[in-house]
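Q: Please take a close look at one part of this model, a small sheet and the pairing of its strands, and then set beside it a packed pair of helices.

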Amino acid sequence: MAVPINSNSVLGGLKSGNAASAEMVGRVNKSLFAQNAGVQKLSAQLTRDQTRLSGLGQLQSALANFQSLTQSLSGAGLQTGATSSSPNVLTAVTMTGAKSGTYAIDVQQLAQSQTLLTLPQKDKDAPIGNGLPSAIKVEFGTESGSGFTPNGSVRSINIDIGNNTLQGMADAFKAAGIDATIVKGSAGFALQLKGPEGAAGSMRISAGGDAAVEKLLAYNPAGLKNLTAGSTAQDAVLNIDGKRVTSSGNVITGQIGGTALALTAKGATKMVVAQETGAIAKNIGNFVDGFNKLSSTLQGLQQGGLKSDPALRQAQDQLTNMVRSNSEALEKAGVSLDKNGTLKIDAKALASAVQADPNAVSKLFTDGGKGIADKLDTQLGQLLGAGSSIVKEKLTVERSVSTLTGQKTALTSALNAQASNLVARYTEISQGSGANSALPGLPGGGARSLFDFMA
């Protein structure tokens, strides 16, 4: 990463139209290049830690999602099913405490995220601005008309000459936990930012530093809007037996005892919750799919952002060993673990086991804390707990990111200030008004580096 020389600020003291300006900047860049190792090292460390932090967040999310599934199978959840008369409107999964009954549900509005789109650029890999360090602040909150009420959730992103392209910005936003993608249209490439679901997921974006970056990314619902708003952030709205319910997401829990609703479209439906033997095979299928999805996510993290990470390895080993230690019982129910750590179902064997003794199959997964799903729920709770290695490691990396960000900003700002000073001295000497022409880049140059000169 070359040290950024901002021509607007560095050359601000030169006469307009000075033909030597470009040459002066070239000489300064050449002189500063050898001093760039410190910035490069900090950038590499910051990128490494941001990638690791993003990976730990993905690990926590994947484990939490699977824990929700294991919890849904406890108690009578494995033998209880929920059927929607309009599955295109919603589907449902029963959990602990599910109670038989029929419910009238009217989905009036789905939850959705806000999307913001930058002005198109011809090339997603072309630099934007001069590379001057820019601090981006993304606040989340509720937008009402032209007003914005922050909810306290904030993300910080740093843009400089190492990532001042659309693709670089997308990667930086992703590392900060914000959904960012590059979209291509007839006018070129644009950066699309997507907030979390729900009305409180609107974004307010401020930027300081490089004017071009600020112009591209600044968005204030009550002021300057340099991004184009696509979909708006909104909550899901539905009626359950005449009771109005709102939710920031499209998965609704806590409204119907022991049942989770997954909304997919607007419309009315009737949902029936009942004890049914056929639900056992379906829910075991959901368990197998969930375990395999988790395994795939963990393997992907191990090959990417969390390669050789001890917290990830601990999670992989504990979960796989838990299932492997119960492999004999699982095989009796038609479920086997292959050499790659993937669960597979023999549908015929599972159907035979359920038909022969449905209660025995249910107890294999949930049995007052002794079933496989029960044990996995406990194990996942420990992996995600406040004192877990994942949480401790994440806190350590967050502190490191904060420290490195401050160090990088301070160092880069100092180099820019020194560059401004050196440009002024070069110009003074070149115009013959200086007392010493022994500067780097000039005939008979004296000081070896910028820091020699500045000393």
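A: In this predicted model, strand 13 and strand 14 (residues 259–263) run antiparallel and are joined by three bridges. One residue pair can be named here: I252 has L261 in strand 14 as its bridge partner.

These two strands belong to an open sheet of three strands, whose order is 2-14-13 and whose pairing is antiparallel. The edges are formed by strand 2 (90–94) and strand 13 (251–256), each of which pairs on one side only. Within this sheet, neighbouring strands are turned against each other by 30° on average, with direction ignored.

The helix pair may be described in a similar way. Helix 6 (residues 278–303) and helix 7 (residues 310–324) have axes that come within 10 Å and cross at roughly 150°. Because angles over 145 degrees count as roughly antiparallel, helix 6 is roughly antiparallel to helix 7. The crossing in which helix 6 passes helix 7 is left-handed.

The contact between the two helices can also be given residue by residue. From helix 6, the participants are F291, L294, L298, Q299, L301 and Q302, and they meet L312, R313, Q316, L319 and V323 of helix 7. By class, the residues of this contact between helix 6 and helix 7 comprise seven nonpolar, three polar and one charged.

Methods: Residues are numbered from 1 along each chain as its sequence is written. This is a predicted model: local features need pLDDT of at least 70, side-chain atom pairs count only at pLDDT 80 or more; totals for chains, interfaces and linings use all residues. Side-chain values use heavy atoms; hydrogens and water are left out. Axes are lines fitted to C-alpha atoms, for helices over the stretch in contact, and angles run from 0 to 180 degrees between N-to-C directions. Helices (H or I, at least four residues) and strands (E, at least two) are DSSP runs, numbered from the N terminus. Angles under 35 degrees count as roughly parallel, over 145 as roughly antiparallel, 65 to 115 as roughly perpendicular and the rest as oblique. A crossing is left-handed if the near helix is turned anticlockwise from the far one by less than a right angle, and right-handed if clockwise. Contact means heavy atoms within 4.5 Å. Ala, Val, Leu, Ile, Met, Phe, Trp, Tyr, Cys and Pro count as nonpolar, Asp, Glu, Lys and Arg as charged, and the others, Gly among them, as polar. Two strands pair if DSSP finds at least two bridges between them.
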